[in-house]
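Trainee: I would like a close look at one part of this model, the packing around a single core residue. Please take that residue as the starting point and work outward from there.

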Amino acid sequence: MTVRSAWLLPQGQTREDTRLAPVSPVTHESPIRVRDGVLPGGAPFAATGAGAMQLQIGAGRAYVQGTDAQGAYPIANDAPITLTFTDGDAQFGRIDAVVVRVLDALFDEEGQNLARIEIVEGEPDATPTAPTLPPASLRLWDVAVPAGTSAGVGGINWASALADRRRYTTAAGGIIPRGWGLGFDGSYDGQYRDNGSVLERWSAPAGEWQTYRAPRRTESTTTGFVVSSGYTLTSFTARRNPDAGLCSFYLDVSRKGAQLDVSAPGNINDETVGTLPSGWRPIIDADLSVSDGYGEGTARLTTSGVLTLRTWSGNGSLRNDRSIKASATFMLP
């Protein structure tokens, strides 16, 4: 494995520091380990082709997890860094990794205390795979280097060669932004992540990420229905969910006056039953069924909330000693 690098210092450190500070206010994966990754904000560690075989890595901040004894290292790259890739193998392609790596003389054999962005070169192969990383490293990008690639033949096609491998981390309690890969476990019960389309919550008992569904607001009323002069109101109940835009109601009324006999076709003169309160009305006109337990009919509910009885069972009758019941569920405006 070949390693070439450009140098950078941990955030707030100087080259005279004897070792890197293992402080880490980020999400923990265990009592003493953190979820390392790139800190969100702008386009951290953005990759841009800077030449035939050169790649520029932009500014960014990250946390790199070492061993349990080491802890996690806060890293800051405050200026673009240019990396140069070696020519491709004559026969096979390879995959190189661009990483942030921490060297700590107390824990490794490099004899240095610093952090750097470097290229970890993969092995040429007929089906190349990304290289295994050294300890205390965080993968940022994978770069496909085809066989025979060199500056003399045009170099690396940066538009197709780059594979984004940046994963993100946040402070404990923060929502992890969408980054590379979703196949990781949560760090603690109740952790949240953005999977790119919905918010998910980690359930430790279930051992899985579950789509988060915010508690739904529900509102109820038993008042506000204005009954028409031709009917008597027995009961009215409505329930709505403003977040989902749904409303349901149940209505019980009795007709006043003399019995209305209905002809065989079932047609009757339209009779206004009453009006739903504002905020509890449908987004479009709707027809619904009504019944008194002996006969049944249809009613029209308009966007202005007016409920009108329009038909009744053929050869039936509307009597004032029977309760006409109606219910419906509809979308709110």
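Mentor: The model is a predicted one, and the residue to start from is Ile57. Leaving aside residues up to four places away in sequence, Ile57 touches Phe45, Ala46, Ala47, Asn77, Ala79, Pro80, Ile81, Leu83, Val98, Ile117 and Trp141. Apart from the core around Ile57 lies another core, of 26 residues, including Leu276, Leu318, Ile324 and Ala326.

Ile57 belongs to the largest nonpolar core, which has 29 residues; Ile57, Phe85, Val98 and Val143 are the members that touch the most other members. At least two residues of this core come from each of β4 (54-57), β5 (60-65), β6 (72-77), β7 (81-84), β8, β9, β10 (137-145) and α1 (158-161). The element that gives the most to this core is β10, with five residues.

Among the contacts of Ile57 is Phe45, which sits in the loop between β2 (37-38) and β3 (47-49). Phe45 has a phi near 55°, a positive value in a residue other than glycine. With a relative accessibility of 0%, Phe45 counts as buried. A second residue with positive phi can be set beside Phe45: Asn315, with phi near 65°, is also not a glycine. Asn315 is placed in the loop between β24 and β25 (317-318). Its setting is the opposite one, because a relative accessible area of 64% makes Asn315 exposed, while Phe45 is buried.

Another contact of Ile57 is Ile117, and Ile117 leads to strand β9. All seven of the seven residues of β9 (residues 114-120) are buried, so the strand is largely enclosed by the rest of the structure. From β9, Leu114, Arg116, Glu118 and Val120 point one way, whereas Ala115, Ile117 and Ile119 point the other way; all of these are buried. The strand is joined to β8 (residues 94-103) by seven bridges, and the two run antiparallel. One of the bridge pairs is Val100 with Ile117 in β9. Two residues on the Arg116 side of β9 carry charged side chains that take part in a network: salt bridges with shared partners join Arg101, Glu110, Arg116 and Glu118.

The whole structure holds 19 salt bridges, and a few of the others are worth a look for their surroundings. Arg166 and Asp164 meet through their side chains in a salt bridge of 2.7 Å, N to O. The partners differ in burial: Arg166 is buried at 10% relative accessible area, whereas Asp164 counts as partly exposed at 31%.

In the salt bridge between the side chains of Arg193 and Glu200 (2.7 Å, N to O), Arg193 is buried, and so is Glu200. The strands to consider here are β13 (residues 192-194) and β14 (residues 199-203), which run antiparallel and are joined by three bridges. Tyr192 has Arg201 in β14 as its bridge partner. These strands belong to an open sheet of four with mixed pairing, in the order β12-β13-β14-β15. Its edge strands, each pairing on one side only, are β12 (175-176) and β15 (208-211).

The salt bridge between the side chains of Arg255 and Glu271 is 3.2 Å, N to O. Arg255 lies in strand β19 and Glu271 in strand β21, so this pair ties together parts that are 16 residues apart in sequence. Both Arg255 and Glu271 are buried. Strands β19 and β21 are part of an open sheet of nine strands, with the order β16-β18-β19-β26-β22-β23-β24-β21-β17 and antiparallel pairing. The edges of that sheet are β16 (219-221) and β17 (226-227), each of which pairs on one side only. Five bridges join β21 (residues 267-275) to β24 (residues 306-312), and the two run antiparallel. Opposite Gly274 stands Leu307 in β24.

Strand β19 (residues 246-255) also contains Leu246, and there the setting is another one. Leu246 is partly exposed, with a relative accessible area of 37%. Together with Ile283, Ile284 and Met331, Leu246 forms a nonpolar patch on the surface, with about 380 Å² of accessible area together.

Note on methods. Residues are numbered from 1 along each chain as its sequence is written. This is a predicted model: local features need pLDDT of at least 70, side-chain atom pairs count only at pLDDT 80 or more; totals for chains, interfaces and linings use all residues. Side-chain values use heavy atoms; hydrogens and water are left out. Two strands pair if DSSP finds at least two bridges between them. Buried means under 20% relative accessible area, exposed over 50%, partly exposed in between (1.4 Å probe, protein chains only). A nonpolar core is a set of buried Ala, Val, Leu, Ile, Met, Phe, Trp, Tyr and Cys residues joined through side-chain atoms within 4.5 Å. Contact means heavy atoms within 4.5 Å. Patches are made of residues with over 30% relative accessible area and no salt bridge: like charges are joined within 9 Å, nonpolar side chains (Val, Leu, Ile, Met, Phe, Trp, Tyr) within 5 Å. Accessible areas come from the Shrake-Rupley method with a 1.4 Å probe; for residues, only the protein chains shown count as cover. A salt bridge is a side-chain nitrogen of Lys or Arg within 4 Å of a carboxyl oxygen of Asp or Glu.
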